[in-house]
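Let's take a walk through this fold, strand by strand and charge by charge. Have the viewer open and follow along.

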Amino acid sequence: MSKVRVRFAPSPTGPLHLGGVRTALYDYLFAKNQGGEFVLRIEDTDTARYVEGAEDYIMEALEWCGIIPDESPKHGGKFAPYRQSERRDIYDKHLAEILKTDYAYLAFDTPEELDEIRKEYEENGEVFAYNYITRNRLKNSLTLSKDEVERLLAENVPYVVRFKMPIDRILNLEDIIRGKSSVNTNTLDDKVLVKNDGMPTYHFANIIDDHEMEITHVIRGEEWLPSLGLHYLLYEAMGWERPQFAHLSLILKPEGKGKLSKRDGDKFGFPVFPLNFRDPQTGVVSKGYREEGYLPEAFINMVALLGWSPANDREILSLEEMTKEFDLHKVHKAGARFSKEKAEWFNHEYLKLTSDQEALVLFKKVEDINLSHLDDDQLLKIISLMKERATFIKDIYTDGKFFFEAPSSYDEKAVKKAWNEQTSSLMNDFAEALHGTEIFEAENLRHIIHDFAETRGLGMGKVMMPLRLALVGELKGPDVPDILQVLGKEESVGRIKNAVNNIS
């Protein structure tokens, strides 16, 4: 058996969608599971829709995800070049070959002529297709004489090359995920293989590149299922062994109906792209998972389970663990519903698994926060206290803002619950007790609070609640002794006295 080789072949017509990331990931997991090779090929023959910067975006996104190709425009390889725009001579060679067969012909119909025919069909309530019925009445090398065709070519009249679909054949198709199916060729039209600018369409270039690059398995989205019959016949026409195919189901909207789109992300407040993308024409920036604070490991884990289930219903798996388990036969036929809440859950779980030191590095990269007044030991303590509660690394700051800034106001409901006429005097006394404390560490501070309450015949809540309110501004946060230790003696005493003055 030949070595497994798969390819991910995006078009640089915009940013990489969540569905594209999943296709690349499944390609990668399958190849590595089989000891094979993963190829990144850029299919840039659609020059009209080309978006500047999209190719670099695709490669950067895959790298952030940890999906590193064995061969690509960046990494090179023995089947280079890996951009279709640089493979024109290869396509021209194979075009000459297929034109020698009975599977292709030249069509000289102008776009205007075809539009006119479509209008006529529409007026009669019909849909026009360039197929086995209509091609015999149109302007092509099947209906024109050899002399007329040569004259048109000599005059440089524009033409396209179309595939000549066989008449009334039943094609038996196979898909690793979906099983067997069949299609009658009479239902398929004569697709354009080469455009009038000489560039091949997706169908022709795709088949040639997969053959030339020795691709053994084609894993792609289900939108290409209607093209499978044509692709089978193209391999037949060229006399080539065809690869195995696997068509992935859609990633669905959060409500479960329809394909997930950028509009859904805008509506429900989540990204559909791995990285931020700035449209070069409009300047509009689309949100990305990286910039929203997702960890790449969490993002990839979430994406992997949108259509595939590992053994024992495990949910947290590293890229290495997914590689060992991945099986195309266990990829689901049904669409996978995207869930923002589940995506956030994955990030929360991975953040908990991150070491405090690793989290510190990430925390220092959070924009628009000032950490200059705290040293690394203080930050590590804050991270250890807040990490378990956080969904994103930035939450450590937003949910623990009291560590970084003294409260400027106090929650009204908390004040009513925690503060009465005697509380100000009590807190003043506790501030004095703190001021005389030599060992300002959580365990010792816990004993001091306990002894202070016991000496006055009070329950711990009568001391803890107003103390928390003074330090935080609300009745929330980690254990009070831990907060005191991080803030330090001077800051803690200052906050207590400030609360006494302001709440009273």
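Start at Asn172, which sits across from Ser182 in β6. A little further along, Leu171 has Val183 of β6 as its bridge partner. Both contacts belong to a strand pair: β5 (residues 170-175) and β6 (residues 179-184) run antiparallel, with 6 bridges between them. Strands count as paired here if DSSP finds at least two bridges between them. Strands themselves are DSSP runs of E with at least two residues, helices are runs of H or I with at least four residues, and both are numbered from the N terminus. The connection from β5 to β6 is a hairpin of 3 residues.

Before going further, some ground rules: this is a predicted model, where local features need pLDDT of at least 70 and side-chain atom pairs count only at pLDDT 80 or more, while totals for chains, interfaces and linings use all residues. Residues are numbered from 1 along each chain as its sequence is written, and side-chain values use heavy atoms, with hydrogens and water left out.

Now look at the two faces of β5. Leu171, Leu173 and Asp175 point to one face and are buried, whereas Ile170, Asn172 and Glu174 point to the other and are not. For the vocabulary: buried means under 20% relative accessible area, exposed means over 50%, and partly exposed is in between, with a 1.4 Å probe and protein chains only.

Strand β3 (residues 104-107) gives another picture: Ala104 and Leu106 point one way, Tyr105 and Ala107 the other, and all are buried. This strand is antiparallel to β4 (residues 160-163), and 4 bridges join the two. If you want a spot to zoom in on, Ala107 stands opposite Val160 in β4.

On to the charges. Side chains of opposite charge can pair when their charged atoms come close. The cut-off used here for a salt bridge is a side-chain nitrogen of Lys or Arg within 4 Å of a carboxyl oxygen of Asp or Glu. How many salt bridges does the structure hold? The count is 41.

Take Glu37 and Arg5, whose closest N and O atoms are 2.5 Å apart in their salt bridge. That pair links distant parts of the chain, with Glu37 in strand β2 (residues 37-40) and Arg5 in strand β1 (residues 5-8), 32 residues apart. Arg5 counts as buried because its relative accessibility is 3%.

Glu55 and Arg83 also meet in a salt bridge, at 2.8 Å from N to O. Glu55 lies in helix α2 (residues 54-65) and Arg83 in the loop between α2 and α3 (88-98), so the pair ties together parts that are 28 residues apart in sequence. Glu55 is buried, with a relative accessible area of 9%, while Arg83 is partly exposed at 24%. The loop between α2 and α3 also contains Pro81, and a cis peptide bond joins Ala80 to Pro81, with omega about 5°.

For a pair within one helix, go to Glu443 and Arg446, which form a salt bridge at 3.2 Å, N to O. Both lie in helix α17 (residues 442-455), 3 residues apart, or about one turn of the helix. Glu443 is partly exposed at 48% relative accessibility, and Arg446 is partly exposed as well, with a relative accessible area of 26%. Elsewhere, salt bridges that share partners join Arg7, Arg41, Glu43, Arg87, Asp209 and Asp210 into one network.

Two loops round off the walk. Most residues other than glycine have a negative phi, and most peptide bonds are trans. In the loop between α9 (296-304) and α10 (319-325) you'll find Asn312, whose phi is near 60°, a positive value in a residue other than glycine. Asp313 lies in the loop between α9 and α10 too, and its phi is positive, near 55°. Asn312 counts as exposed because its relative accessibility is 74%, and Asp313 is exposed with a relative accessible area of 65%.

The last stop is Ser261, in the loop between β10 (251-252) and α8 (262-268). Ser261 is partly exposed, with a relative accessible area of 23%. From Ser261 to Ile251 is 10 residues in sequence and 9.2 Å in space, C-alpha to C-alpha.
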